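Grab a coffee and work through these exercises with the structure open beside you. Try each task before you read its solution.

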Amino acid sequence: MESAKAIIETLHAKFSPGILKVDHSSDMPVVTVESSIIHDLIRFLKEEPAMGFSFLTTLCGIHYPDDPLPLGVVYHFHNLEKNLRIRIRTFVPSEDPQLPTVTDLFSAANWMEREAYDFYGIVFTGHPNLKRILNVEYLDYFPMRKEYPLEDPTREDKDDRYFGR
Amino acid sequence: MSEPALHTTLNLGPTHPATHGIFQNILTMDGEEILAAEQTIGYIHRAFEKIAEHRPYYQITPLTDRLNYCSAPINNLGYHMAVEKLAGISTNKRIDYMRIILMELARITDHLICNSVVGVDSGALTGFVYVFQERERVYEIYEEVSGARLTTNMGRIGGFERDFSPAAIRKIREFLQNLPKVLQEFEHLLLRNRIFMDRTIGVGRISAERALNYGFTGPNLRAAGVDYDVRVMNPYSSYDDFDFRIPVGSSGDTYDRFCVRQEEVWQSLNLIRNALDNLPEGAYHTDVPAYYLPPKEAVYDKMEALIWHFKIVMGEVDIPQGEIYHSVEGANGELGFYLVSDGGRTPYRLHFRRPCFVYYQAFPEMIRGGVLSDAILTMSSMNVIAGELDA
């Protein structure tokens, strides 16, 4: 836990104005940062020897429709040598949601970013092949955004109102 | 000036008998040599992450069955542990050991399928048919424990729906006794087989550095020489009570992946034997009325049980707010659950970190410069499961 605190302090010292929130109440340190510094921060996490977060565990989109910056991306990094994990979150507006790609740092990010684009419409600038991955190419909406219902709302034969859905 | 090279475009899949699942690869070939591959996935995408946002927590377990359907119990139990972590539920040793037994059985079946299919793709059908008999026995154990065979929906949040029956324990013991003989014969068939070695050594190679960069986990990463195993690094379900070895390879080729899986089956057998021999006394479920359904008799004549039953079935149980990431060592790598709760009855967001979705993207790099028949072997030795890939 001490080393986790040290890492947060180093990040504060280097990226201070861009770090919006640090939360220690979760199972790993959660750092919410501005989208403008995300690429520099991830490069620092990966390449600085004192950080050593050289393994991208996962990356996924998230949507909070009532927030001023509704669309988010959550990165999970793992320092395999010290066995430390860290969660980085960043948010962008729903009009023109853009984030720099991290495929130049992690090959693993390629499909993860395509998935986040496919489901949330977050555009990763600089991505080598940003197109839909799991959905059909002609889909004209981003299905994991909260405004899209799970089932066709025009159907009348299925009424699940009273069953917790 | 030389003649422009004549390249062939070859469609491998989406439904091709040699790819063991539905995924497409558009290969650019120069004769027999592969120059480039373009992958298309998503043919069996079922929107699990979206569905999960609309279901009470206990109804999500059946979705996880359908991720890696070759080892469904690992997905089920891993998901339960993720919810328990969010809700702050701790389980007793008996539940933990029962989970270990089932997860290791699942790992064995998964590895048996993968390795025997590597045999099939290199021309040895016999081993495949032979070890499938043993897989059948594990499915009979699942049947005793959960009532189902493939999509097991095993366990509940907080424990299991029923204890191991005497028949289940007898079947596990029989399996522990029978498998070593079969496994040894299977190894004799392939491990030092000249044809098999020639077909697999040096094929589909990936370096440790590239494998880490591509987010490899599980046997595929260990075959490249990195000893990362979630069971050791972040022990869950009391794995730290047991002594087991993590096999690693050195060159990250198809043969190393085969050997790592084979050794892991032996280690899993030991783990199951130890867990079963030391299975502690205790309850098979935790006392968490908000998540665990009360016994049916109690529902009929106890008011409190009826209330809890109603709340659970109608999805009226509120879970604490928060976000967690919980990962387990799935049969093909780190299976993670990123769970965000806003306190409501359904997850606000549930993301599955599916190991083969992450590592399958390295496939074009691994087969480049090789021949087509080697690409087939590389794919089967990577253990890409379409259900998990497409979620």
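**Exercise 1. Find which elements of chain A have the lowest and the highest mean pLDDT.**

Start with the kind of model you have: it's a predicted one, so confidence is worth a look before anything else. Going through the elements of chain A, helix α1 (residues 2-15) comes out lowest, with a mean pLDDT of 86. At the other end is strand β7 (residues 123-125) of chain A, which has the highest mean, 95. For chain A as a whole the mean is 89, and 90% of its residues reach 70 or more. Keep the usual caution in mind: where pLDDT is low, the predicted coordinates should not be read in detail.

**Exercise 2. Write down the order of helices and strands in chain A.**

Step one is to count: chain A has three helices and seven strands. Step two is to walk along the sequence, which gives α-β-β-α-β-β-β-β-α-β. To get a feel for the dimensions, put a box around the C-alpha atoms along the principal axes; you'll need roughly 60 × 40 × 30 Å. Of the 165 residues in chain A, 36% count as buried.

**Exercise 3. Trace the strand partners of β2(A), residues 30-33.**

Take one partner at a time. With strand β1 (residues 19-23) of chain A, β2(A) pairs in the antiparallel sense over four bridges. A hairpin of six residues links β1(A) to β2(A), and Lys21(A) sits opposite Thr32(A). Now turn to strand β5 (residues 84-92) of chain A: here β2(A) runs parallel, again with four bridges. Val33(A) has Thr90(A) as its bridge partner in β5(A).

Finish with the two faces of β2(A). Val31(A) and Val33(A) make up the covered face, while Val30(A) and Thr32(A) make up the uncovered one.

**Exercise 4. Do the same for β4(A): what pairs with it, and how covered is it?**

On one side, β3(A) and β4(A) are antiparallel, with eight bridges; His63(A) faces Leu71(A) there. β4(A) is also antiparallel to β5(A), over nine bridges, and one of the facing pairs is Asn79(A) with Leu84(A). β4(A) and β5(A) form a hairpin with four residues between them, and Asn83(A) in that turn has a positive phi of about 55°. As for cover, eight of the nine residues of β4(A) are buried.

**Exercise 5. Describe the side of chain A that touches chain B.**

First the head count: 28 residues of chain A are in contact with 33 residues of chain B. Next, look for elements of chain A that supply at least two residues each to this side; among them are β3 (55-63), β4 (71-79) and α3 (109-120). β3(A) gives the most, six residues. Last, sort the chain A residues by character: 15 are nonpolar, 10 polar and three charged.

**Exercise 6. Check whether helix α5 (residues 125-146) of chain B has the span its length predicts, or a different one.**

Count the residues, 22, and use 1.5 Å a residue, so you should expect a span of 32 Å. The end C-alpha atoms are 31 Å apart, which agrees. Now see which residues of α5(B) are buried: they include Val131(B), Glu134(B), Val138(B), Ile141(B) and Tyr142(B). Remember that an α-helix has 3.6 residues a turn, so residues three or four places apart point the same way. The buried residues of α5(B) pack against α3 (72-87), α4 and α6 (166-190) of chain B. Just after α5(B) comes Gly147(B), with a positive phi near 90°.

**Exercise 7. Decide whether Leu221(B) is buried or exposed.**

Locate it first: Leu221(B) lies in helix α9 (residues 218-223) of chain B. Then count C-beta neighbours inside 10 Å. There are 30, so Leu221(B) counts as buried. Beyond its neighbours within four places in sequence, Leu221(B) is in contact with Ala211(B), Phe216(B), Val226(B) and Tyr228(B).

**Exercise 8. Name the residues with the most contacts inside the largest nonpolar core.**

This core has 145 residues, and the best-connected ones are Ala116(A), Ile122(A), Ile101(B), Leu102(B) and Leu389(B). Helix α4 (residues 93-121) of chain B gives the most to the core, 14 residues. For a closer look, pick Leu389(B): leaving aside neighbours within four places in sequence, its contacts include Phe23(B), Ile41(B), Phe357(B) and Val384(B).

Key: Residues numbered from 1 in each chain as written. Chains lettered and ligands numbered in written order. Predicted model: local features only at pLDDT ≥ 70, side-chain atom pairs only at ≥ 80, totals over all residues. Contact = placed C-beta atoms within 7 Å. Nonpolar A, V, L, I, M, F, W, Y, C, P; charged D, E, K, R; others polar. Core = buried A, V, L, I, M, F, W, Y, C linked by C-beta atoms within 7 Å. Buried ≥ 20, exposed ≤ 12 C-beta atoms within 10 Å, placed from the backbone. Expected span 1.5 Å × (residues − 1). pLDDT = per-residue confidence, 0-100. Pairing = 2+ DSSP bridges.
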